[in-house]
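This report describes selected features of one protein chain, covering salt bridges, a pocket and the surface. The sequence and the model are shown first.

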Amino acid sequence: MASKIHQALLVLAFAFIYTAETTPVAYGAFDNTETQISDDQFSGEYSKLTKAILLKSVELERFSLNFRLEHAGISNLQRLIFIGSQEAGAAGGLAFEITALKEFNNGRHRLLSFHKQNVDRGLIAAEACSIIAASGSACALGINALRSIKSYRHGYDARSASKFISSHLKEIDSLLASRDALVEAHKQNPAYERARIEGKILHSMRSAFVNEYSNFRANTASSATAFNLFLLQNIAYNTLGAVGAGLGRKALEEPKLNGPSNIVFTISGAMAMAAPLLCSAQLHAQRKYLLNRNKKKFGFSETDLAELSTQCKLLESASTEAGVGSLIPALSSTKRMGIYSDASSRFVVQLENETRTMEKLNKVALQTSFMGPAIGSLLMTQGILGTRGYYRYFPDRPKKQLDLSYKGAVCGTVGTSMALVGNAAWLLASLSYEHHLRKNHRLPAQLIRERLKHLEDVEKEVLAI
């Protein structure tokens, strides 16, 4: 999409230069002096309006790129805090599961070999590390809040961005309407066909700018909301995990609390299982809603983007066939447009590819995609087995109760092991991949800055007209 925008800007700049400089030569063919004056006035007004539209378009794209730069990815500090705290939570849970696995196995065979002190130590580790995990998510949520404040101060929050886009679109639409009326009033002008095609490009380009911004805005807003929603749920189910562990410790002395403790563990596991699914559903629903709302608010269509490429080719062909351009040779401008278009196309395709990849790596954790529901279901199963063992077999059949608790600990061991390995794998993979991108100057932020530099060059071309 952005390659078409850059291509359009350069095509229009060169076509505009060609039209402005070659049209007066054609006017010499007219014998009527009044027509000559009218055409000169048309050329001057045509130049003024087209240049103003191009400059406003450059401002829109620059804002869109800076908006993307402001909201690109998550910081390494935030990533390390979140993953570090989740690793601590998983490690504490695994320590408890391993201890419980051993003691429950001993107790289901011989009750006297069951040592409460060891289980108590495991529960202390689980409780403390669950608190750490919840605190890490709270800290990540706080960092997101600070980033939102920073964006607001820089004018890149949702309300300020919408206001900026709307005001600039009104100006562009007004300029486009004036330009269209001017062109249609001079159908007899030799440059009419090129001006007409150029008008279609300007309209399509306006749509392309808004489309690019709207898509990134929808992706950014939905991803940020999904991340914050996940963090809130993470805080909730880790807090419940800590409460369950605390009740479990008391249950070692007051068996009546064993049932409530396992119920809390069941709810915590269910929340951990549902969190990624809810966040994924919210992300897709919000993204679709924002895109539809922006289409109605800003007025753009997906079909305009395909039209942009077609009209650029028609304008290039019309400019080449229009005359013998001695001031700006047609071959030279075509060659320059081709070089820029090819470089821009390769550049933007790379940006879009790497941006999509980094968005996948920057998800809250590997468990948010497919491991989260599996881990949560295993922990929920452990809670269900513990609850069933207590309410069905306590106090008459303690060995049977410990047998179900043992089977639950097996599920819990698998689940916490998956969480521990999954978080570490995600962190190492993301850091390694980000290092590779940075080394090759292909990080999304690096590529956006390069695009901003290219945009400055395009702006200089337009200003020089």
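## A salt bridge within helix H12

Lys-453 and Glu-450 both belong to helix H12, where they stand 3 residues apart, about one turn of the helix. In this predicted model, their side chains form a salt bridge, with an N to O distance of 3.8 Å. Lys-453 has a relative accessible area of 49% and is therefore partly exposed. Glu-450 is likewise classed as partly exposed, because its value is 33%. Elsewhere, Lys-56, Glu-59 and Glu-171 are joined into one network by salt bridges that share partners.

Helix H12 spans residues 444-463 and also contains Leu-447. Leu-447 counts as buried because its relative accessibility is 0%, and buried means under 20%. The C-alpha atoms of Leu-447 and Leu-69 are 9.7 Å apart in space, although 378 residues separate the two in sequence.

## Salt bridges between helices H6 and H4

The count of salt bridges in the model comes to 10. One of them pairs the side chains of Arg-249 and Asp-120 at 2.9 Å, N to O. This pair links distant parts of the chain, since Arg-249 lies in helix H6 and Asp-120 in helix H4, 129 residues apart.

Arg-249 also meets the side chain of Glu-127 in a salt bridge of 3.9 Å, N to O. Glu-127 is in helix H4 and Arg-249 in helix H6, so this contact ties together parts that are 122 residues apart in sequence. Arg-249 is partly exposed because its relative accessibility is 32%; Glu-127, at 23%, is therefore also partly exposed.

## The second largest pocket

The second largest pocket has a volume of about 1,200 Å³. Its lining comprises 50 residues, and those closest to the centre are Phe-96, Leu-123, Asn-262, Phe-265 and Gln-382. Helices H3, H4, H6, H7, H10 and H11 each give two or more residues to this lining.

The greatest contribution comes from H11, with 10 residues. By residue class, the lining of the second largest pocket holds 23 nonpolar, 24 polar and 3 charged residues.

## A nonpolar surface patch

A nonpolar patch on the surface is formed by Ile-263, Ile-267 and Tyr-391, which together have about 290 Å² of accessible area. Ile-267 is located in helix H7, which covers residues 258-299. The relative accessibility of Ile-267 is 44%, so this residue counts as partly exposed. Patch members need over 30% relative accessible area.

Notes
Residues are numbered from 1 along each chain as its sequence is written. This is a predicted model: local features need pLDDT of at least 70, side-chain atom pairs count only at pLDDT 80 or more; totals for chains, interfaces and linings use all residues. Side-chain values use heavy atoms; hydrogens and water are left out. Patches are made of residues with over 30% relative accessible area and no salt bridge: like charges are joined within 9 Å, nonpolar side chains (Val, Leu, Ile, Met, Phe, Trp, Tyr) within 5 Å. Accessible areas come from the Shrake-Rupley method with a 1.4 Å probe; for residues, only the protein chains shown count as cover. A salt bridge is a side-chain nitrogen of Lys or Arg within 4 Å of a carboxyl oxygen of Asp or Glu. Helices (H or I, at least four residues) and strands (E, at least two) are DSSP runs, numbered from the N terminus. Buried means under 20% relative accessible area, exposed over 50%, partly exposed in between (1.4 Å probe, protein chains only). On a 1 Å grid over the protein atoms alone, a cavity is a set of points where a 1.4 Å probe fits but cannot get out, and a pocket is an open set with protein on both sides within 12 Å along at least five of seven lines; lining residues have an atom within 4 Å of a point. Grid points are joined across faces, edges and corners, and a volume is the space filled by probe spheres set on the points. Ala, Val, Leu, Ile, Met, Phe, Trp, Tyr, Cys and Pro count as nonpolar, Asp, Glu, Lys and Arg as charged, and the others, Gly among them, as polar.
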